[in-house]
Amino acid sequence: MSIGTVLAQLRDDFPDITISKIRFLESEGLVTPERAPSGYRRFSEADCERLRFVLTAQRDRYLPLKVIKEQLDAIDNGDGGFGHGGTRALSTARGTVAPATDFGARAGRVSRESLIERTGVDSAFVTELQRNGLLTPGPAGFFDEDAVRLVEAAAALASYGLETRHLRAFKVSADREAGLVAQIASPIAKGKGTGARDRAEELVREIAALSVTLHTQLVKAAVRDVLD
């Protein structure tokens, strides 16, 4: 397959995928398509499934590329827990994660009623999330798939006794992290040349993945100290 054909196959599941994104993943060693004598890339079905694995791991588990590459290497070597490498193994691995919205792809128009129905919360809970600045609809009054995931997470935390007002600390922390990431990514996004925004979004994905890992380890360490 040509790179354009691969792009068409991936776009339904990953709306923000671009040719420059695929080339970037190739440059990082995540996929290695063959080259025709003319120099054009020729992708196999296994290459396409490999790209799906990478994109899904970024989107659903916020994994940095280094970790994803290690997992792919383990699968290729037959010790990744998914069987021997190849399309079937990658498809099986890809099916172990739940769907979520990719960075930059604010897909869907979710009404307030649909948001409540899909998440199982009541209207008052959604109102409280909005009042505390944790949930904001778009200009037309609709939410997106990211909002669905956010409400689900907030509801799960509420089941442990954390009220919406307690979750404001997460929002403050997220805003601070976003400011730090923006300082790094904005100059790249505004840079010259094709693919500048793609490179910036890749950087944000990597930093976000590392940030999630760091935050998790810091919370675990702090709680361990309290319990000890």
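**View 1. Glu26 pairs with Arg35 in a salt bridge.** In this predicted model, the closest N and O atoms of Glu26 and Arg35 are 3.5 Å apart. The two partners don't share the same kind of surroundings: Glu26 is buried at 17% relative accessible area, while Arg35 comes out as partly exposed at 43%. The 17% for Glu26 counts as buried because the cut-off is under 20%.

**View 2. Asp13 and Arg52 meet in a salt bridge.** Here the closest N and O atoms are 2.6 Å apart. The pair ties together distant parts of the chain, 39 residues apart: Asp13 sits in the loop between helix H1 (3–11) and helix H2 (19–27), and Arg52 belongs to helix H3 (residues 45–61). Have a look at how far each residue is covered: Arg52 is buried, with 10% relative accessibility, and Asp13 is partly exposed, with 41%. Zoom out a little and Glu49 joins in, since Asp13, Glu49 and Arg52 are linked in a network of salt bridges.

**View 3. Lys171 and Asp175 form a salt bridge within helix H9.** The N to O distance is 3.3 Å. The two residues are four apart along H9, which is about one turn of the helix. Both ends of this bridge are partly exposed, Lys171 at 32% relative accessibility and Asp175 at 43%. For the bigger picture, the count for the model comes to eleven salt bridges.

**View 4. Arg109 places its charge over the ring of Phe142.** The charged end of Arg109 lies 4.0 Å from the centre of the Phe142 ring. If you're hunting for ring-to-ring pairs as well, the count of aromatic pairs is zero.

**View 5. The second largest pocket is lined by residues that include Ser173 and Leu218.** About 160 Å³ of space lies in this pocket. Helices H9 (168–189) and H10 (196–227) each supply at least two lining residues, and H10 gives the largest share, with six. Around the wall you'll find Ser173, Glu177, Leu180, Val181, Ile207, Leu210, Ser211, Leu214, His215 and Leu218. By character, the lining splits into six nonpolar residues, three polar ones and one charged. The charged one is Glu177, because Asp, Glu, Lys and Arg are the residues that count as charged.

How values were computed
Residues numbered from 1 in each chain as written. Predicted model: local features only at pLDDT ≥ 70, side-chain atom pairs only at ≥ 80, totals over all residues. Heavy atoms only, no water. 1 Å grid on protein atoms, 1.4 Å probe; cavity = no way out; pocket = protein on both sides within 12 Å on 5 of 7 lines; lining within 4 Å. Points joined across faces, edges and corners; volume = space filled by probe spheres on them. Phe/Tyr/Trp six-rings, centres within 6.5 Å; stacked < 30°, edge-to-face > 60°. Lys NZ or Arg CZ within 6 Å of the ring centre and 35° of its normal. Salt bridge = Lys/Arg side-chain N within 4 Å of Asp/Glu carboxyl O. Buried < 20%, exposed > 50% of the residue type's maximum accessible area, 1.4 Å probe, protein only.
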